[in-house]
Amino acid sequence: MISPSNFLDELKSNGINFFVGIPDSLMKGLNYQISKSCSENEHIISSNEGSAVANAIGHFAATEQLAAVYMQNSGLGNAYNPLISLADPEVYGIPMLLLIGWRGEIDDEGNQINDEPQHVKQGQVTLSTLKTLDVPYDIIHEKSKDWKEKIHNLVTLAKTKRRPVALVFRKNTFEETLIKFTKSVQRPILRREEAIELIINLSHPLDIFVASTGMIGRELYEIRKLKNLPHDSDFLTVGGMGHASQIACRIAATLSHRRVICLDGDGALLMHSGGMAECAYQSNLMHIILNNGAHDSVGGQPTAAFQINLQRIADGFGYTKVCKAISSNEIEQHFQSRQYGSIFLEIQCKRGNRKDLGRPDKPPKQNLADFIKFLRCDNKNV
Ligand SMILES: Cc1ncc(C[n+]2csc(CCOP(=O)(O)OP(=O)(O)O)c2C)c(N)n1
């Protein structure tokens, strides 16, 4: 395995002094090292991978230096547009080094390692996407002896040819350091799982749930399982981080006689917050943000959400009711009023999850088939 600290030193010795991206569990060690050793001017956790690429473009324009842009391969879709329509040599020709965690990787024999369904196709098309984007890349893994050379060659290519280049990481490339991100000044009381359980208890049997990417969906699934409840009321947004609210929004708009509860994460909300404009105009949508100020599902790297007044933003978007809860009592109060309109509820909760948290054991297509039946169960649907 490669020491994240040596890796970071190597990037710096190649002239890279600005780091921006969205964290990934495969790069936890590196993410932590960057957060620990870089100042606020040298490192930004961005809102989405496209914005991270845009930061690298701005950095180059301002300093004529390369930035490193880190992301999980699922973020390539977000990055695609600014890469191809701005950074590409046919447009501005902006050098940058993409650092990409390869979920669903294909090994040297051409076999795909076992990973979650949302990573299967993404893993298969990662390298071909880079080829399509005309981004030269190299791959490193835990046994790579020549990783320093690979960094050097890619950075030289980026500089001389003025183009984005990429380094793709296999699982276990980096040593995992003991990760301790600085605690924020907020002192939440509730665990995310407790909040989700309470919401399930307070909900109506016909309420429709849409859960965001990562632990939120897994916890919703697990709690239902432990309570012997069916999963058919829940759409799990296992991939497509940031899009849960829009899925919820369209279901709410179509099934206006049912309440839709979107369980969103703060990282996911910030990733595609423009969707709040649509959510705000629904008559039957509860948009609940489980705000732990972190990308908890991939290692707890901070988001900006504890520094932002989410309620004022939601108010500006025009939600009918905007509220915040930090305790079970407050969550209960906001649930009692089953009022008409769009409700934005921010629940501040702690980081972390229990260690034995399972994963959905039903394939996504089965979940969807059950969910569709649940949406039709009151026979009032269009
Ligand atoms: C486009 C994209 N980028 C990155 C990821 C990796 N990823 C999965 S969950 C997650 C963190 C989600 O954070 P948040 O929404 O705050 O929820 P939390 O994990 O804190 O419950 C990330 C970065 C992803 N799945 N998709």
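**Terms and cut-offs in this model**

Reader: By class, how many residues in the shell around the ligand are nonpolar, polar and charged?

Author: The shell has eight nonpolar, 13 polar and three charged residues. Ala, Val, Leu, Ile, Met, Phe, Trp, Tyr, Cys and Pro count as nonpolar, Asp, Glu, Lys and Arg as charged, and the others, Gly among them, as polar. The model is a predicted one, in which local features need pLDDT of at least 70 and side-chain atom pairs count only at pLDDT 80 or more, while totals for chains, interfaces and linings use all residues. Residue numbers start from 1 along each chain as its sequence is written.

Reader: What makes a residue part of the surroundings of the ligand, and which come nearest?

Author: A residue is near a molecule or strand if its C-beta atom, placed from the backbone, lies within 6 Å of it. There are 24 residues around the ligand, and Gly214, Gly265, Gly267, Asp296 and Ser297 come nearest. Two or more residues of the shell come from each of helix 8, helix 10 (266–271) and strand 12 (294–295). Helix 10 gives the most, with three residues. Helices and strands here are DSSP runs numbered from the N terminus (helices H or I, at least four residues; strands E, at least two).

Reader: Why is helix 7 called oblique to helix 8?

Author: Two packed helices are described by the angle between their axes and the distance between the axes. The axes of helix 7 (residues 192–202) and helix 8 (residues 215–226) come within 10 Å and cross at roughly 55 degrees. That angle makes helix 7 oblique to helix 8, because angles under 35 degrees count as roughly parallel, over 145 as roughly antiparallel, 65 to 115 as roughly perpendicular and the rest as oblique. Axes are lines fitted to C-alpha atoms, for helices over the stretch in contact, and angles run from 0 to 180 degrees between N-to-C directions.

Reader: What is the hand of that crossing of helix 7 and helix 8, and which residues make the contact?

Author: The crossing is right-handed. A crossing is left-handed if the near helix is turned anticlockwise from the far one by less than a right angle, and right-handed if clockwise. Helix 7 brings Arg192, Glu193, Ile196, Glu197 and Ile200 to the contact, and helix 8 brings Met215, Ile216, Glu219, Leu220 and Ile223. By class, that is six nonpolar, no polar and four charged residues. Two residues are in contact if their C-beta atoms, placed from the backbone, lie within 7 Å.

Reader: Which residues join helix 7 to helix 13?

Author: Ala195, Leu198, Ile199 and Leu202 of helix 7 meet Ser328, Ile331, Glu332 and Phe335 of helix 13. These divide into six nonpolar, one polar and one charged. The axes of helix 7 and helix 13 (residues 328–336) come within 10 Å and cross at roughly 30 degrees, in a right-handed crossing.

Reader: Why is Ile199 called buried?

Author: A residue is buried if 20 or more other C-beta atoms lie within 10 Å of its own, exposed if 12 or fewer, and partly exposed in between; C-beta atoms are placed from the backbone. Ile199 has 22 such atoms, so it counts as buried. Ile199 lies in helix 7 and touches Ile261, Ile288 and Ile331, leaving aside residues up to four places away in sequence. Its C-alpha atom is separated by 8.3 Å from that of Glu332, 133 residues apart along the chain.

Reader: What makes helix 3 roughly parallel to helix 4?

Author: Helix 3 (residues 49–63) and helix 4 pack at an angle of about 30 degrees, with their axes 6 Å apart. That angle falls in the first range given above, so helix 3 is roughly parallel to helix 4. The contact residues divide into eight nonpolar, three polar and one charged.

Reader: How do you know that Asp134 is partly exposed?

Author: Asp134 has 13 other C-beta atoms within 10 Å, which puts it between the two limits, so it is partly exposed. Asp134 sits in the loop between helix 5 (117–132) and strand 5 (137–140). Its phi is near 60 degrees, a positive value in a residue other than glycine.

Reader: Why is Arg162 called partly exposed?

Author: Arg162 has 15 C-beta neighbours inside 10 Å, so it also counts as partly exposed. Arg162 has a positive phi of about 50 degrees although it is not a glycine, and it is found in the loop between helix 6 (147–161) and strand 6 (164–169).
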